[in-house]
Amino acid sequence: MIFRQLFDSTSGTYSYLLASRAGGEALILDPVLEKVDRYCQLLRELDLKLVKAVDTHLHADHITGLGELRDRTHCITVMGEQSKADVVSMRVGDGDRVMIEGLSLDVMYTPGHTDDSYSYLMADRVFTGDTLLIRGTGRTDFQNGSARAQYDSIFNRLLKLPDETKVFPAHDYKGDTVSTIGEEKRFNPRLQVRSVDEYVELMNNLKLPNPKLMDVVVPANMHVGLHQDELAKQGLALSASDAIQNLGRPDILLVDLRENSERAKHGMLSGALHAPYPSIEQSLQPGGMLREVAAATGRRIVFFCAFGERSAMAVKAAKDAGLANTAHIEGGIDAWKKAGGPVLTG
């Protein structure tokens, strides 16, 4: 496995690059905007294709690199279901899995630092975001934080993992890089409490100043989504209601870009072809499945995904590949459902 821990000294943020092999798919956790050049350089050096960029929560001390990485690498952006971010490609919930070639992360909802805080468990290690830090815990006094919820997340979720599980947090301010669950049980001063009430009292009396850039960073991180209005102006987008009216038309081919797990969880559209987003560029090249289907049938390809971000990128990829007769459903299946569109389940 390829594993890199990358550090931003300005915000004290750790980002993590994961891949199962050289030349394969990669995932990055908690990227920082100012470090995107470095990430892209490392991806080139290690011959990796970034397919997913994940934030453990909506950060308050640095601007996320999710949007910039999406724009540069066309990767899928991932956050939790509770995130206030306007648009991400994929939203995950407790018990879901974030998968790339050869690697799988189990999604754990661990609120408390914020109400959208998640941890990601992979075999021998857990990426705890700002929920559990090395010899500390994330503050709980803004962004709908809750010391009570954090106590539950730590004591009833994270500390139930095997003692040897490595802990990789999203921040450290002392120079520590890794710990274990067992170490934190024994030596983390904030975990030596006798009750949830004692923990709440401890966290409520930290009296920490707000992060210096919080008023700028939080709004910026809430607006990382790919703007889809430009495609609409070019006539390359269908509103959900228009798409519903066109359902079943013989000259339109609906193409679902989501993963199997998303289709199982949120439903499918009747007659849609399944072509997962990571392989879309290949499918649009000469000899690729979608290109051949479009050529043989003359049908207009209409892409859709969860929220419209992957489908917007697919329309651009099709245009770059010389396939002009495409469009996408604005807002994805989320907007389709809200507009009362029929969905197949099971």
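This report describes a pocket, a cavity, one helix and a few loop residues of the structure shown above. The model is a predicted one, and the values below were computed from its atoms.

**The largest pocket**

The largest pocket holds about 780 Å³ of space, and its lining is made up of 32 residues. Those that lie nearest its centre are Ser11, Asp61, His171, Tyr173 and Pro211. Sorted by class, the lining of this pocket contains 13 nonpolar, nine polar and ten charged residues. Two of the elements that contribute to it are strand E12, residues 136-137, and helix H6, residues 214-222, each of which supplies at least two residues of the lining.

**Helix H6**

Helix H6, which takes part in lining the largest pocket, has a buried side that can be traced residue by residue. Its buried residues are Met214, Val217, Val218 and Asn221. These four are on the same side of H6, because they cover an arc of only 95° around the axis. In general, an α-helix has 3.6 residues a turn, so residues three or four places apart point the same way. The face of H6 that is turned away from the buried side carries Asp215 and Val216, which are exposed.

**The largest cavity**

The model also contains one cavity of 30 Å³ or more, and the volume of the largest cavity is about 90 Å³. The elements that give two or more residues to the lining of this cavity are strand E6, residues 90-92, and helix H9, residues 260-266. H9 provides the largest share of that lining, with four residues. Among the residues that line the cavity are Met90, Arg91 and Val92, together with Ser261, Glu262, Lys265 and His266; the lining also includes Asp96, Arg97 and Glu259. By class, the lining of the largest cavity has two nonpolar, two polar and six charged residues.

**Three loop residues**

Three residues in loops deserve a separate look, and the table gives the place and the relative accessibility of each.

| Residue | Loop between | Relative accessibility |
|---|---|---|
| Arginine 135 | strand E11 (132-133) and E12 | 28%, partly exposed |
| Asparagine 144 | E12 and helix H3 (147-155) | 55%, exposed |
| Aspartate 251 | helix H8 (240-245) and strand E16 (252-256) | 35%, partly exposed |

Arginine 135 and asparagine 144 can be considered through their backbone angles. Most residues other than glycine have a negative phi. Arginine 135, although it is not a glycine, has a positive phi of about 60°, and asparagine 144, which is not a glycine either, has a positive phi of about 55°. Asparagine 144 counts as exposed because its relative accessibility is 55%, while a residue is called exposed when this value is over 50%. Arginine 135, with a relative accessible area of 28%, is partly exposed.

What does aspartate 251 touch, when residues up to four places away in sequence are not counted? Its contacts are with Arg299 and Arg300. Aspartate 251 and arginine 299 are 48 residues apart along the chain, and yet their C-alpha atoms are separated by 4.6 Å. Aspartate 251 also has a partner closer in the sequence, arginine 249, and the side chains of aspartate 251 and arginine 249 are joined by a polar contact of 2.6 Å. With these contacts, aspartate 251 still counts as partly exposed, at 35% relative accessibility.

Terms used. Residues are numbered from 1 along each chain as its sequence is written. This is a predicted model: local features need pLDDT of at least 70, side-chain atom pairs count only at pLDDT 80 or more; totals for chains, interfaces and linings use all residues. Side-chain values use heavy atoms; hydrogens and water are left out. On a 1 Å grid over the protein atoms alone, a cavity is a set of points where a 1.4 Å probe fits but cannot get out, and a pocket is an open set with protein on both sides within 12 Å along at least five of seven lines; lining residues have an atom within 4 Å of a point. Grid points are joined across faces, edges and corners, and a volume is the space filled by probe spheres set on the points. Ala, Val, Leu, Ile, Met, Phe, Trp, Tyr, Cys and Pro count as nonpolar, Asp, Glu, Lys and Arg as charged, and the others, Gly among them, as polar. Buried means under 20% relative accessible area, exposed over 50%, partly exposed in between (1.4 Å probe, protein chains only). The arc is that of the directions from the helix axis to the C-beta atoms. Contact means heavy atoms within 4.5 Å. A polar contact is a pair of N or O atoms within 3.5 Å; within protein, one must be able to donate a hydrogen and the other to accept it, and residues adjacent in sequence count only if both atoms are side-chain atoms.
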